[in-house]
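Please read the following alongside the sequence and the 3D view. The paragraphs go through a helix contact, two sheets and a few backbone details.

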Amino acid sequence: MPDKPKRSISAEDLYRIQTVSSARISPDGRHVVYAVQRVDAKTEKKYSNLWVAPTDGSAPPRQFTWGDQNDTQPRWSPDGSQIAFLSNRADKEKPPQIYLIPFSGGEARPLTQLEGSINALVWSPDGTRLACTARKTDAEVLEREKDEQKKKLGVVRRHYDRLFYKLDGFGYLPKERLHLWIVDAASGAVQQITDHPVFDERDPAWSPDGQFIVFVSNRTPDPDSEPDRDDLFVIPAAGGEPRKLETPLGPKDLPSISPDGRWIAYYAQEGVGLSYKNQNVWVVPFDGSGPARNLTGSYDLHASAWTLNDVGDVETMPPTWTPNSERVYFQVAYHGSGILQSVARDGSDLQTVIGEGGVVSSYSFDRQHRTLAYTYGRMDDPVQIWAREMPAGPARRLASPNQALLEELDLGSVEEVWFKGPDGNDLQGWILKPPDFDPSRRYPSILEIHGGPLTQYGNLFMHEFYYLAAAGFVVYFSNPRGGRGYGEAHAGAIHGGWGDRDYADLMAWADYAAALPYIDPQRMGVTGGSYGGYMTVWIIGHTDRFKAAVTQRCVSNFVSMWGSSDFNWSFQQILGSGDKAPFEDLELFWNHSPMKYIGNARTPTLVIHNENDHRCPIEQGEQVFVALKRLGVPTEFVRFPEEFHGLSRSGRTDRRIARLNAIRGWFERYLC
């Protein structure tokens, strides 16, 4: 029979795309467990279940847990006999609890009944306990839940005395802080080992002997006023006074203790208010007997997996020690890819384990480090599960949850381009051509600008791009200065200067596209979200070259955004003003605000914003819309209720579809 003709991707295909998270290999290296999320199109609810795949490829993946609930964060016990995970299966209205399920088969049993939210599960080396972080539910919330009338009426007021009181994707923060807990794996008995009204603890990791926990905490008198002053602490697993390790000043994440118990590897940036700095891999002696050493500082790389996509999260794993404690594995954002590298404990002998071409997300080794399992996303496939024999054996694809859907689709073709920026700087971009592309035609085009800006576009699936290409647009995107993947100088080029070198790079990219024989320079559009929304509004205030624009969840006015975003006052660090707020240096904040230049705008512009956006509050989009209306520039305003900043990646699917249709409709109106 002839092959079935392929079709173009649709907005509604978002209902069929499955995302994968938390892939972990079993201690014996024979299986991988992972969570798969799906969407129920009738109810718009998202559910997640656990799946298992054999690493030798001898059988297809099988579903391991069932039901319309959310089973997440699977973690193998050290002996591989059971899996701990989080689930809301008992009560969909309450935060998930810890469950245990035998790998040999049987029912999952609830381990905890904690009144609060739990995260970061880590087994003790002997398998008798689990460490986790948990935030207890506020007493006033528990009281309200017990009274049906009060529960029906809801929150009467919120009262804060802390500087950071809300978080995008979460909402308004409770009074309780995030603390360390130990859970007995047999009885479910819990012990809270840290408790402070101001300090939070995160990223727990066990010592090999099970006697201690290392964690990250900011213990300055007012952490909200000095958010970059993280430190590493070691606390007895039975509870007690934490011991602080002396490390260089700066943000820190994901500590990991070496198998011999002598070293702690962790991620860190140096300095305060310098978010553009590379995140490096550091090592410090566990006993505090020597200074911390930067293992990767000489290589000018950023140790993180973070690469933008719109169909699943990318997980940065803790630095992973080899069994002999001589090397550390870690992920790197590099040239649009997420690669896996390793380095010797003295900082020498950097090696690439998995190179460019895709993005390595969740990765883990078996007990003997004979097999590596990992999730891998590419530009043409959101996620696959792979296993590889170490040190350099063959890799096997174990699962591709979206393969059936992808086999139906003609996604078009993607061309990678390196080009010169305005200062002779090397820049990387990609050009996505529509299905059935005809080089003799001249196409309308859309410049996509990424958010952040401290992230990267690249070799990872973007449904939005394929959807717009399917509508007949050439979609082109790049990583201008200010983003990751090209060294610290590239990332820091716009620190204190948004709208300068980044704008110049984007215009050089638009010049490159406009000169292509298949691009119609009279039908060019531009769009972006968050920082990309900032640049879109900046662009329409500085040039008329684009015939249509769509700004999404934008930053438009640094003056009014100061203090109203969940990032709060820290935008003054991004602008390089140090300790100066807008009322102390109004000119700086206003000069870098697109609203200063909005009077020059003539480009028809659609404004899209989310009403629960705490990162870029909706007043940022409202200012743009009202200004354009008053100027007589064609504009419309699309608002999405209840959605946080990340609607395009994780929002309710029908709203994501409505957003895509609005973008497409606007560009079709003005470019086609």
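Helix α4 passes helix α13 in a right-handed crossing. The contact is made by H463, E464, Y467 and L468 on the α4 side, and by R659, L660, N661, I663 and R664 on the α13 side. Sorted by character, the residues of this contact comprise four nonpolar, two polar and three charged. The model is a predicted one, and the geometry of the pair is computed from it. α4 covers residues 463-470 and α13 covers residues 653-671; the two pack at an angle of about 40 degrees, and their axes are 11 Å apart. That angle makes α4 oblique to α13, because angles under 35 degrees count as roughly parallel and those from 65 to 115 as roughly perpendicular.

The next stop is a sheet built from the start of the strand numbering. Four strands, in the order β1-β2-β3-β4, form an open sheet with antiparallel pairing. β1 and β4 (62-63) stand at its edges with a single partner strand each, so one side of each has no neighbour in the sheet. Strand β1 (residues 19-25) pairs with β2 over five bridges, and in that pairing T19 of β1 has Q37 of β2 as its bridge partner. The hairpin of β1 and β2 has five residues between the strands, and there G29 takes a positive phi near 80 degrees.

On its other pairing, β2 is joined to strand β3 (residues 45-54) by 10 bridges, again in the antiparallel sense. Two of the facing pairs are R38 opposite Y47 in β3 and H31 opposite P54 in β3. The hairpin of β2 and β3 has four residues between the strands, and E44 takes a positive phi near 65 degrees in it. How enclosed is β2 itself? Strand β2 spans residues 31-40, and seven of its 10 residues are buried, so the rest of the structure largely encloses it.

A second open sheet also has four strands, in the order β5-β6-β7-β8, with antiparallel pairing. Its edge strands are β5 (71-76) and β8 (109-110), each of which pairs on one side only. Strand β7 (residues 97-102) is joined to β8 by two bridges, and these strands run antiparallel. L100 stands opposite R109 in β8.

The remaining points concern the backbone in loops. Most residues other than glycine have a negative phi, and most peptide bonds are trans. Against that background, which peptide bonds are cis? One joins M390 and P391, with omega about 10 degrees; P391 is found in the loop between β29 (381-389) and β30 (395-399). Another runs from G452 to P453, with omega near 0 degrees. P453 is found in the loop between β33 (443-449) and α4, and that loop leads back to the helix that crosses α13.

Two loop residues other than glycine have a positive phi: S325, near 65 degrees, and N568, near 65 degrees. S325 is found in the loop between β23 (320-321) and β24 (327-334). Is S325 buried or exposed? Its relative accessibility is 1%, so S325 counts as buried, the cut-off for buried being under 20%. N568 lies in the loop between α8 (558-561) and α9 (571-574). With a relative accessible area of 7%, N568 is buried.

Terms used: Residues are numbered from 1 along each chain as its sequence is written. This is a predicted model: local features need pLDDT of at least 70, side-chain atom pairs count only at pLDDT 80 or more; totals for chains, interfaces and linings use all residues. Side-chain values use heavy atoms; hydrogens and water are left out. Axes are lines fitted to C-alpha atoms, for helices over the stretch in contact, and angles run from 0 to 180 degrees between N-to-C directions. Angles under 35 degrees count as roughly parallel, over 145 as roughly antiparallel, 65 to 115 as roughly perpendicular and the rest as oblique. A crossing is left-handed if the near helix is turned anticlockwise from the far one by less than a right angle, and right-handed if clockwise. Contact means heavy atoms within 4.5 Å. Ala, Val, Leu, Ile, Met, Phe, Trp, Tyr, Cys and Pro count as nonpolar, Asp, Glu, Lys and Arg as charged, and the others, Gly among them, as polar. Two strands pair if DSSP finds at least two bridges between them. Buried means under 20% relative accessible area, exposed over 50%, partly exposed in between (1.4 Å probe, protein chains only).
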